[in-house]
Amino acid sequence: IKRDYPVNFYTPNFFIRITLFLFSIVLSIAAYSFLLLISGGFEGGNIGWGIRTLIFSGGVGAVLYLIISEKKAYCAGMDDALAYILTGSCISTFLLFFYPIWEHTRFETHIGLFFSLPILAFASIYFTDRILTLTTLGALLHFYFLCLLEIPFLKPLLPFLCLALGCLLYYYSKTFKVNFNLRYWAKCLEVIEMASLFIIYASLNYFVVRELSIELMSLQLNEGEDIPLAIVFYIATATIPLIYIVYGLKKKDRTMFRSGLIITALSVLTFKYYFSLGHHEITLTVAGTLLTLITFCLFRYLKTAKYDIGLDAEDDDGIKSEAEAFLLSQTLKTGNFTNAVPEKGMDFNGGKFGGGGNSGSF
């Protein structure tokens, strides 16, 4: 398979990728500075800056296209950095040209987000990048939240409307994830899936709801008072992590299981914030001890698989050995053996390793 379907992408290791990423950013800053130098410095107002940024965007796009199409760079650091710079410069170009039209209106942030969203979404789809996907999702959530704040009678329903958005995002990310035609965007859909789980949790988290109610709706709480439906948010803060963990284990859903583990810590911090014993060092020590004991017990318990969950997952070597055994068995069944006759000029003589070595005359 590797011989017949070679992958010609250039994907270096993590450290080289970081180095190339930083190198590309420095080069881009230098290129934009040079463009400023030859175009008259900081003069020209919004239109002048917009023209410079448009030219810079075209140059970055051309270089990025060549790196991807000619050099076959994939997650190589250079393509990542240039994709982010190109997306940011395209948004900046648009805002520099058109922002003065709505600059002094009360909807300037709304309009800016509305016109930035298509650029972010296109970049996420075109480059299949997870960070761009997360940025697009953040911009969408921000725009949605700001629009809801403009409708007074919807303000008390903000937690439940954000919950509805999270549920919709989760449903469609799971639906699209199983579509084979969208397999190239599987990682992006996984990011949306995990982010939507956090949106669902944050929408009903007691700390988030209480603090935003005080900040955005000017809710005044005297000592001993609580927010409306406080018991609902207390229950949701405590139970949603458990639901994620149990459902993730039951359905073998790693994304939901890991999200449940993370927000369990957030739930503990939420209750700790409002119901603190005052001895942080004792709390941390006890919590660390309990987590260590639970981890140790789970490792012992899952050493042999229980309910199809265990620690003995197949590694690459196991998969390779199974594939080799399968191919060998099929060959034995069909009798598809041929005596290997070396090509002319390719007789591997010499050496002391069962014919695997060769003399210096090769």
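This is a chat about the helices, salt bridges and surface of a predicted model.

Student: What secondary structure does the protein chain have?

Tutor: Twelve helices and zero strands. Read along the sequence, the pattern is α-α-α-α-α-α-α-α-α-α-α-α. Keep in mind that the model is predicted.

Student: How much of the protein chain is buried?

Tutor: Buried residues make up 28% of the 362 residues. The accessible surface of the chain comes to about 25,000 Å². Carbon and sulfur atoms hold 69% of that surface.

Student: And contacts? What share comes from residues 24 or more positions apart?

Tutor: Among contacts with a separation of 6 or more, 60% join residues 24 or more positions apart.

Student: Let's go to H9. Why does its length agree with what a helix of 21 residues should span?

Tutor: At 1.5 Å a residue, the 21 residues of H9 should span 30 Å. The end C-alpha atoms of H9 are 30 Å apart, so the two agree.

Student: Where does H9 bend?

Tutor: At Thr239, by about 30 degrees. A proline, Pro241, follows within four residues.

Student: Which residues of H9 are buried?

Tutor: Ala230, Phe233, Tyr234, Ala236, Thr237, Ile240, Pro241, Tyr244, Ile245 and Gly248. Pro241, the proline that follows the bend, is thus one of the buried residues.

Student: What do those buried residues pack against?

Tutor: Four helices: H6, H7 (186-204), H8 (206-216) and H10 (254-274).

Student: What happens just after H9?

Tutor: Lys252 takes a positive phi there, about 55 degrees.

Student: OK, surface now. Which residues form the nonpolar patch?

Tutor: Leu157, Phe160, Leu229, Ile231, Val232 and Ile235. Together they have about 530 Å² of accessible area.

Student: Which helix gives the largest share of the patch?

Tutor: H9 (residues 230-250), with three residues. So H9 has a buried set of residues and also a part in the surface patch.

Student: Where is Leu157?

Tutor: In the loop between H5 (130-149) and H6 (158-177).

Student: Why does Leu157 count as partly exposed?

Tutor: Its relative accessibility is 40%, so Leu157 falls in the partly exposed class. That class runs between the 20% cut-off for buried and the 50% cut-off for exposed.

Student: What about Ile131, buried or exposed?

Tutor: Exposed, because Ile131 has 51% relative accessibility. Ile131 lies in H5. Its C-alpha atom is 8.6 Å from that of Cys188, and the two residues are 57 residues apart along the chain.

Student: New topic. How many salt bridges are there in the whole structure?

Tutor: Seven. One of them pairs Glu150 with Arg106, with the closest N and O atoms 2.7 Å apart. That pair links distant parts of the chain, 44 residues apart. Glu150 is in the loop between H5 and H6, while Arg106 is in the loop between H3 (78-102) and H4 (108-127).

Student: How do Glu150 and Arg106 sit relative to the surface? What about Glu150 first?

Tutor: Glu150 is partly exposed, at 31% relative accessibility. Arg106 is exposed, at 59%.

Student: What does Lys174 pair with? Take Asp253 to begin.

Tutor: The side chains of Lys174 and Asp253 meet at 3.1 Å, N to O. Lys174 is in H6, and Asp253 is in the loop between H9 and H10, 79 residues away along the chain. Salt bridges with shared partners join Lys174, Lys177, Glu193 and Asp253 into one network.

Student: How far apart are the closest N and O atoms of Glu193 and Lys174?

Tutor: 3.6 Å. This salt bridge runs between H7, which holds Glu193, and H6, which holds Lys174, 19 residues apart.

Student: Which of these count as buried, and why? Start with Glu193.

Tutor: Glu193 has 0% relative accessibility, so it counts as buried. Asp253 is buried too, because its value is 9%. Lys174 is partly exposed, because its value is 30%.

Student: Last one. What is Thr255 in contact with?

Tutor: Beyond its neighbours within four places in sequence, Thr255 contacts Lys177, Glu190, Glu193, Met194 and Leu197. Lys177 and Glu193 also belong to the salt-bridge network. Thr255 is in H10, and it is buried, with a relative accessible area of 6%.

How values were computed
Residues are numbered from 1 along each chain as its sequence is written. This is a predicted model: local features need pLDDT of at least 70, side-chain atom pairs count only at pLDDT 80 or more; totals for chains, interfaces and linings use all residues. Side-chain values use heavy atoms; hydrogens and water are left out. Patches are made of residues with over 30% relative accessible area and no salt bridge: like charges are joined within 9 Å, nonpolar side chains (Val, Leu, Ile, Met, Phe, Trp, Tyr) within 5 Å. Accessible areas come from the Shrake-Rupley method with a 1.4 Å probe; for residues, only the protein chains shown count as cover. A salt bridge is a side-chain nitrogen of Lys or Arg within 4 Å of a carboxyl oxygen of Asp or Glu. Helices (H or I, at least four residues) and strands (E, at least two) are DSSP runs, numbered from the N terminus. Buried means under 20% relative accessible area, exposed over 50%, partly exposed in between (1.4 Å probe, protein chains only). The expected span of a helix is 1.5 Å times one less than its number of residues. The bend at a residue is the angle between axes fitted to the seven residues ending there and the seven starting there. Contact means heavy atoms within 4.5 Å.
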